[in-house]
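Subject: Structure for you, with notes

Hi,

Here is the structure I promised to pass on. My notes come below it.

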Amino acid sequence: MASSNGEITAKTEIVGLGILVAVIGFFIASAGMYQNIFGVVILTSLGWIGVALVFFGVAILVIGLILKDTDLAPDQTPSPIPPQQIGYVCPQCKTPVMLDYMSCPNCGLLLKKKCPGCGQIVPYEWRVCAYCNTKLPAHKINKG
Ligand SMILES: [Zn+2]
Ligand SMILES: [Zn+2]
C-alpha cells in the first residue's frame with residue numbers, strides 16, 4: 001500500500017502545481033494587460049503568455065483530479081471474506097457456526113468458554129488462552 005500512497009501524494013502535487021501555474025499565469029496576465037483610452041482591455045504579448053499559463057495550469061489541475069479519481073475508485077472494491085465464516089462447525093452436531101456465536105443455534109451447545117486465568121470469553125477450541133497464556137480445560141461436549 002506504500003506505493004499507492006506515494007502515487008496519491010504525487011497526484012496531489014500535480015493538482016497543486018496546476019493551481020500554482022494558473023495563479024502565476026493570472027498575475028502575469030494582469031501585469032501584461034492594460035485598458036486603452038476607450039476602456040477596452042488590451043493584452044500585451046506578456047499578457048497572452050499569462051493567459052496561456054492560466055489555461056495550462058487549469059489543464060494540469062484537471063489532469064491531476066482525473067488521475068486521482070480513477071486511482072481511488074479500485075481501492076474501495078476489495079472486501080476479504082470474514083474469517084469467522086470459514087470452516088467452523090458445532091463440535092456436537094456439526095452445524096456450521098460463526099466464530100462469534102456464543103452457542104450452537106441447532107443443539108444449544110456452548111461454543112465459548114471462560115478462561116479461568118483472566119476471565120476472557122474464548123473460543124471452545126482454544127487449548128491455551130491467548131490473552132493470559134493460561135492452559136485451558138478441554139471443551140466438554142454434552143452428550144445426551
Ligand atoms: Zn450443535
Ligand atoms: Zn486468559
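The notes run from the overall layout to the core and then to one proline.

Please keep in mind that this is a predicted model.

Layout first. The protein chain has two helices and four strands. Along the sequence they come in the order α-β-β-α-β-β. Of the 144 residues in the protein chain, 9% are buried. I also looked at contacts between residues at least 6 apart in sequence. Of these, 36% link residues at least 24 apart.

Now the core. The largest nonpolar core consists of five residues. They are Cys90, Val97, Cys104, Leu111 and Tyr124. As background, nonpolar side chains tend to be buried together in soluble globular proteins.

Leu111 is a good place to start browsing. Leaving out residues up to four places away in sequence, Leu111 touches Cys90, Val97, Cys104 and Tyr124, among others. Those four are also listed with Leu111 in the core. The other contacts of Leu111 are Tyr101, Met102 and Ser103.

Last, Pro123. This residue sits in strand 4, which covers residues 121–123. Is Pro123 buried or exposed? Neither label fits: Pro123 has 16 other C-beta atoms within 10 Å, so it counts as partly exposed. The cut-offs are 20 or more for buried and 12 or fewer for exposed. Beyond residues up to four places away in sequence, Pro123 touches Leu99 and Lys112. Leu99 lies 24 residues from Pro123 along the chain, yet their C-alpha atoms are 7.3 Å apart.

Best wishes

Key:
Residues numbered from 1 in each chain as written. Chains lettered and ligands numbered in written order. Predicted model: local features only at pLDDT ≥ 70, side-chain atom pairs only at ≥ 80, totals over all residues. Core = buried A, V, L, I, M, F, W, Y, C linked by C-beta atoms within 7 Å. Contact = placed C-beta atoms within 7 Å.
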